[in-house]
Amino acid sequence: MSLLAKKRSAAMAAKLKDSGLKATPQRLAIMRVLAESKGHPSVDDIYRRLQRRFPGISPATVYRNIMLIKSLGEAVEISLAGSASRYDGRKPYPHPHIVCVECGNILDPELASLGDMTREVTAASGFEIKSFRLDFFGVCPACRKKSGS
Ligand SMILES: [Zn+2]
Ligand SMILES: [Zn+2]
C-alpha cells in the first residue's frame, strides 16, 4: 500500500472512531480498498476483492458501508447513467472525472483551469459555489489502440 493510501485509510478510520461508529474488520477493509483504488471501484468490484478474505460479506454489506463512508465525507460517488455507481475514497471532495465509454475505466484528470472555471461561474452567476460535477466521456488510449482509431 502506498504512503498516500495508508494516510487516507488512517484518516477514514479516525473519522469512523470520531463518529462513534464501530471499526469492524469488514468496514476497515472496505475503507482500505477505497483508499488504495485508483480505478474508482463499484460495489461489486470491492465485494469481489474482499470475498475471499471475508466469506460472510455480501454486496449489500459493501453497499451499506460505502453509504456510511460517503455520509462521513470520506468518499465521493460517481453516478453514471445506465451503469453502477463508482466510488472514490482517495479524493473525497468534488473533482473532475474522465470516463472511458468502452471499458468503463475512470481517471482523475489534473485540470489547471478548474480554479478559473469556478471563479468564472461565480462571476457570471453570483452564486457561492459549494460543489460541482464535471465528467468527461471518451475512449481511453488502450481502447483506442484496440479499435485502431
Ligand atoms: Zn477504455
Ligand atoms: Zn476520482
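Which domains does the domain assignment give for the protein chain? There are two of them: domain 1 covers 1-89, and domain 2 covers 94-149. Hi everyone, and thanks for coming. Please keep in mind throughout that this is a predicted model.

Let me start with the overall picture. The protein chain has six helices and five strands. If you walk along from the N terminus, the order of elements is α-α-α-α-β-β-β-β-α-β-α. As for extent, the C-alpha trace spans about 50 × 45 × 30 Å along its principal axes.

Now to the helices of domain 1. I'd like to take helix 2, helix 3 and helix 4 in pairs, and I'll begin with helix 2, residues 25-36, against helix 3. Their axes come within 10 Å, and the crossing angle is roughly 120 degrees. The crossing of this pair is right-handed. On the helix 2 side, the contact uses A29, I30 and V33, while helix 3 brings I46, R49 and L50. Sorted by class, that contact of helix 2 with helix 3 contains five nonpolar residues, no polar ones and one charged.

Next, helix 3 with helix 4. Here we have residues 43-50 for helix 3 and residues 59-71 for helix 4. The two axes come within 9 Å and cross at roughly 120 degrees. How are helix 3 and helix 4 oriented to each other? With that angle, they are oblique to each other. The handedness of the crossing between helix 3 and helix 4 is right-handed. Who makes the contact? From helix 3 we get V43, D44, I46 and Y47, and from helix 4 we get P59, V62, Y63 and I66. In terms of class, the contact of helix 3 with helix 4 is made up of seven nonpolar residues and one charged, with no polar ones.

The third pair is helix 2 with helix 4. Their axes are 10 Å apart, and the packing angle is about 70 degrees. Angles from 65 to 115 degrees count as roughly perpendicular, so helix 2 and helix 4 are roughly perpendicular to each other. Helix 2 takes part through Q26, R27, I30, M31 and L34. Helix 4 answers with T61, V62, N65, I66 and I69. What is the division by class in the contact of helix 2 with helix 4? Here we find six nonpolar, three polar and one charged.

If you are following along in the viewer, a few residues are worth picking out. I30 of helix 2 is in the contact with helix 3, and I30 is also in the contact with helix 4. I46 of helix 3 turns up in the contact with helix 2 and again in the contact with helix 4. On helix 4, V62 and I66 belong to the contact with helix 3 and also to the contact with helix 2.

Let's move on to the strands. Strand 1, residues 76-80, pairs with strand 2, residues 83-88, in the antiparallel sense, over four bridges. You can check the register on screen: V76 sits opposite D88 in strand 2, and E77 sits opposite Y87. The hairpin of these strands has two residues between them, and G82 adopts a positive phi near 80 degrees there.

Further along there is an open sheet of three strands, with the order 4-3-5 and mixed pairing. Which strands are at the edges? Strand 4 (106-107) and strand 5 (135-138), each of which pairs on one side only. Strand 3, residues 97-100, pairs with strand 4 in the antiparallel sense over two bridges. Within that pairing, I98 faces L107 of strand 4.

Finally, back to the two domains. Taken over C-alpha atoms, the centres of domain 1 and domain 2 are 23 Å apart. Seven residues of domain 1 are in contact with six residues of domain 2. On the domain 1 side that touches domain 2, strand 1 and strand 2 each supply at least two residues. Strand 1 gives the most there, with three residues. By class, this side of domain 1 has three nonpolar, three polar and one charged residues.

That's my tour, and I'm happy to take questions.

Technical notes
Residues numbered from 1 in each chain as written. Chains lettered and ligands numbered in written order. Predicted model: local features only at pLDDT ≥ 70, side-chain atom pairs only at ≥ 80, totals over all residues. Pairing = 2+ DSSP bridges. Axes fitted to C-alpha atoms, helices over the stretch in contact; angles between N-to-C directions. Parallel < 35°, antiparallel > 145°, perpendicular 65-115°, else oblique. Left-handed = near helix turned anticlockwise from the far one by under 90°. Contact = placed C-beta atoms within 7 Å. Nonpolar A, V, L, I, M, F, W, Y, C, P; charged D, E, K, R; others polar. Domains from an automatic or database assignment.
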